[in-house]
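Walk through this model with the confidence values in hand. Begin with how far to trust each part, then turn to helix packing and a pocket.

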Amino acid sequence: MNNTKDPLFEALDRLARAVDNEPFGDPMPGITRKARANRRRVAALTVGGVAAVAVAGVAAGAVIDFPDGTPEPEIAETPSVSQTSAPSPPTPSPNEPSMAEYDQARADVDGDGAADTIRVLVPEADAGAGTDESLVSDDVRLQIEFAAGAEVGLGFGQGLAPTIAGTPDLDGNGTAEVVLSFSGGDAAWLKVFTWDGETVVPAQPANGSPADLVDDGGLYTEAETVSSALVDRGLISWVPTGDFSDPFVVKVWTWQLDGAQLVATEADQLQCIMSPGQFPEPC
Amino acid sequence: VSREVNGEAAIPRSSVATPRADGFEEWVRASSPRLRRLAYLLTGDVDQADDLLQSAYAKVLPRWDKVSAYDSPEAYIHRVMVNLRTSWWRRSRGRELSTDEVPEAAWRAGTPGEGDAVVESQVLMAALRGLPERQRAAVVLRHWCDLSEAETAKAMKCSIGTVKSTTSRGLAQLRAAMSQTTDLPGAKKSDLQ
């Protein structure tokens, strides 16, 4: 810093150094404790947000319709043993841990008109963990069991176990995308998986996407900085504008799926969050 | 038919809060004295400053792998601190009573014998606390952290024009408050001009 000629700097610096006289212990225990609390809070917020999405999504008809009337959960159910007629997870080899279901939803992923079963799988020893807290597992997989009998597995390896945030049709082609929510620390990522005609592939934010909105190939959420959510009008992200008066003013982007690319379109007008926990809406 | 395809990169374990992120603790120990001062200027209260600082570090910890690779991890945590502080203010402003009472620490800002500096710090802290949050942040980031207008705009997530106007309004209020100290013996009229 080379600001010693600024009298205001000098006055502020004298004032700031007053805090040096106050005792300050080891900050690490407090930091670690707060980080853990953040992780629990984000996990709780994610679950709450998903529940809200479910109501909004159904109301707007954003879910895939099933001609046979098969009920299609918009949100992940709590971990449970599958009751569907879909095939069971493959039998593990002797060297492989036995995998079990961590989360499940049903939707028409391949567009054949029948509901497919979407499962998040983790080693059996981890599967009992509730989805209301972040779970880090040594082996995380997404498995989609098609009504016709085939299945696709996507391996994530070691990392956060996601919950299924929803199964909207983001590109309007009549097939459901799978939106997974990975939450950990004070941050969360929404990742989208789509049917490319032959298999299920991860959709990636397009080059040139606003940098604040994306991270690790997903749509990023960090409390107070940037948020992403699945709402009735689709997948959106928003950031504060810096105007922190009530209502909370945010800049909003809507994500469209183009092939396997997520393309962000900024809303024409700023929007408002009327109260904590709500989603952006016209001011 | 079972087909295995590679999923995208899993969220690494390091993205989850862990106290063993490489280099994080060392960075905390090296940066905390200065960041604690920033927190104190932003909050005007020692306890709130310590809480703000720990909360900001706790937000950085899960992303330390990425943040540590930035040119300036401090710039990132500046932004976190400003956003956190503003967020806290938004939540609490219905209950928090603004007061002109000067924190005890400010009384001790000068060393014995530096009476004018003590009074100056006392008045400056009262004036800072009287500023709206965004004005206080803009003034502190520009004039104590020595950030450029562009860097301040990035930290505050607003435009450069907003930084200019916010800083200008904040400085005007500080000058008005500090002008009281220029009547004191030994005070320099040129200060804060």
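pLDDT is the predictor's confidence in each residue, from 0 to 100. Chain B has a mean pLDDT of 71, with 65% of its residues at 70 or more. Among the elements of chain B, α1(B) has the highest mean, 93. Strand β1 (residues 2–6) of chain B has the lowest, 38. Helices and strands here are DSSP runs (H or I, at least four residues, for helices; E, at least two, for strands), numbered from the N terminus. Two stretches of chain B call for care. Residues 90–114 of chain B stay below a pLDDT of 50, and that stretch has 40 contacts in the model beyond near neighbours in sequence. Residues 183–193 of chain B are also below 50, with 15 such contacts. A contact means heavy atoms within 4.5 Å.

This is a predicted model: local features need pLDDT of at least 70, side-chain atom pairs count only at pLDDT 80 or more, and totals for chains, interfaces and linings use all residues. Residues are numbered from 1 along each chain as its sequence is written, chains are lettered from A and ligands numbered from 1 in the order in which they are written, and side-chain values use heavy atoms, leaving out hydrogens and water.

Chain A averages a pLDDT of 75, and 71% of its residues score at least 70. Among its elements, strand β14 (residues 261–266) of chain A has the highest mean, 95, and helix α2 (residues 28–60) of chain A the lowest, 52. Over residues 43–92 of chain A, pLDDT stays under 50. The model still has 94 contacts beyond four places in sequence for that stretch. For the complex, the predictor gives an ipTM of 0.71 and a pTM of 0.47.

Now look where the chains meet. Helix α1 (residues 7–16) of chain A packs on helix α1 (residues 24–43) of chain B at about 100 degrees, with axes 9 Å apart. Axes are lines fitted to C-alpha atoms, for helices over the stretch in contact, and angles run from 0 to 180 degrees between N-to-C directions. So α1(A) is roughly perpendicular to α1(B), a label for angles of 65 to 115 degrees. L12(A), L15(A) and A16(A) meet R37(B), Y40(B) and L41(B). Five of these contact residues are nonpolar, none polar and one charged. Nonpolar means Ala, Val, Leu, Ile, Met, Phe, Trp, Tyr, Cys and Pro; charged means Asp, Glu, Lys and Arg; the others, Gly among them, are polar.

Within chain B, the axes of α8(B) and helix α9 (residues 160–178) of chain B come within 8 Å and cross at roughly 100 degrees. This pair is therefore roughly perpendicular. E149(B), A150(B), T152(B) and A153(B) of α8(B) touch I160(B), V163(B) and K164(B) of α9(B).

Finally, α4 (73–92) of chain B supplies six residues to the lining of the second largest pocket, the largest share.

Key. Angles under 35 degrees count as roughly parallel, over 145 as roughly antiparallel, 65 to 115 as roughly perpendicular and the rest as oblique.
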